[in-house]
Amino acid sequence: MNENLYAEYPETYDAIYAEKDYDAEVEFVLDRFAAVAGGDADAERALIVGCGTGEHSKRLREEGFEVVGVDKYPAMVERARTKSDAEFRVGELPDLPVDGQFDLVWFPFTVVQHLDPDAVAESLRAAADHLTADGVLVFDQFATGEEGTYPRLVSYESDDGTYARLTDVHEVGDSSYRWDSLVFTPDGEFFADTHRLYDHDAAYLDGVCGVLGLSVERHGWYDADADPDESGHAVFVAQNTD
């Protein structure tokens, strides 16, 4: 998997996801963090794993968190550093390049689905190891199979012009999907991007959290009132109970 969108074209990533509702996602996380842990942003530490170009990190920083963002791609980290004074580091699960404990650990936007099934438990353990005594872990899962595996073409308007992405999703195994995309930029360039996503069993994810001493509540996609069983899209909010 080349994952060129992440590795080489962070500015295109931002253009494609410019309409993503980062504000609502951060608001949801802050709401659940306050409800579950009773915490607020002042002097709290947050670790964002798979931080991408830093949009979630920027918003949490503006809310008063001390934020460390981690991403495996140097290009994404470099772009994130232009957006806020949060701290950004290159690294990947399960060997996170951080020290100390965090009140909030967040794996946003299908980070867990980029993990091979054999790596899920170890990666969630790495997160749990960095939680404070009553810290909160948040991660999500977007039901790939529910969206269909047909080819699709989507265009994205920006100040620079129109970007377009032609994507073909293949089911390549049990709950395993390969995304093949051809991305076109306004200047007439294009590139291929491929990556693998896994739809992990929700009960398994709950079970791993339980073994790690985390109590779990599950919601629809960044909506406390949405039923995850209706859409298959879920956000897991897990609190350290050890």
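## Pockets and two helices in a predicted model

The lining of the largest pocket is made up of 24 nonpolar, twelve polar and twelve charged residues. The structure described here is a predicted model, and the pocket in question holds about 1200 Å³ of space. Of its 48 lining residues, those closest to the centre are Tyr6, Phe109, Thr110, His114 and His195. Helices and strands both contribute to this lining, with at least two residues supplied by each of α1 (4-7), α2 (10-16), α3, α4, α6 (117-129), β6 (152-158), β7 (161-173) and β9 (190-198).

The second largest pocket has a volume of about 240 Å³, and among its 13 lining residues Gln141, Ala143, Glu146, Ala202 and Gly232 lie nearest the centre. The table sets out the lining of each pocket by residue class.

| Pocket | Nonpolar | Polar | Charged |
|---|---|---|---|
| Largest pocket | 24 residues | twelve residues | twelve residues |
| Second largest pocket | five residues | four residues | four residues |

Two of the helices that supply lining residues to the largest pocket, α3 and α4, can be described further. The 16 residues of α3 should span 22 Å at 1.5 Å a residue, and the C-alpha atoms at the ends of α3 are indeed 22 Å apart, so the expected and modelled lengths agree. Within α3, the buried residues are Tyr22, Glu25, Val26, Phe28, Val29, Leu30, Arg32 and Phe33, and these pack against α2, α4, β4, β5 (131-141), β10 (214-219) and β11 (234-240). After α3 comes Gly38, which has a positive phi near 70°.

Helix α4, which covers residues 55-62, has Glu55, His56, Ser57, Arg59 and Leu60 as buried residues. The buried residues of α4 pack against α3 (22-37) and against four strands, namely β1 (45-49), β2 (66-71), β3 (87-90) and β4 (102-107). Just after α4, Gly64 likewise takes a positive phi, in this case of about 105°.

Within α4, Glu55 deserves a separate description. Its relative accessible area is 12%, and because the cut-off for a buried residue is under 20%, Glu55 counts as buried. The side chain of Glu55 makes a polar contact of 2.7 Å with the side chain of Lys83, and a further polar contact, of 3.4 Å, joins the side chains of Glu55 and Lys58. When neighbours within four places in sequence are left aside, Glu55 is in contact with Tyr22 and Lys83; Tyr22 is itself one of the buried residues of α3.

Conventions
Residues are numbered from 1 along each chain as its sequence is written. This is a predicted model: local features need pLDDT of at least 70, side-chain atom pairs count only at pLDDT 80 or more; totals for chains, interfaces and linings use all residues. Side-chain values use heavy atoms; hydrogens and water are left out. Buried means under 20% relative accessible area, exposed over 50%, partly exposed in between (1.4 Å probe, protein chains only). Contact means heavy atoms within 4.5 Å. On a 1 Å grid over the protein atoms alone, a cavity is a set of points where a 1.4 Å probe fits but cannot get out, and a pocket is an open set with protein on both sides within 12 Å along at least five of seven lines; lining residues have an atom within 4 Å of a point. Grid points are joined across faces, edges and corners, and a volume is the space filled by probe spheres set on the points. Ala, Val, Leu, Ile, Met, Phe, Trp, Tyr, Cys and Pro count as nonpolar, Asp, Glu, Lys and Arg as charged, and the others, Gly among them, as polar. A polar contact is a pair of N or O atoms within 3.5 Å; within protein, one must be able to donate a hydrogen and the other to accept it, and residues adjacent in sequence count only if both atoms are side-chain atoms. The expected span of a helix is 1.5 Å times one less than its number of residues.
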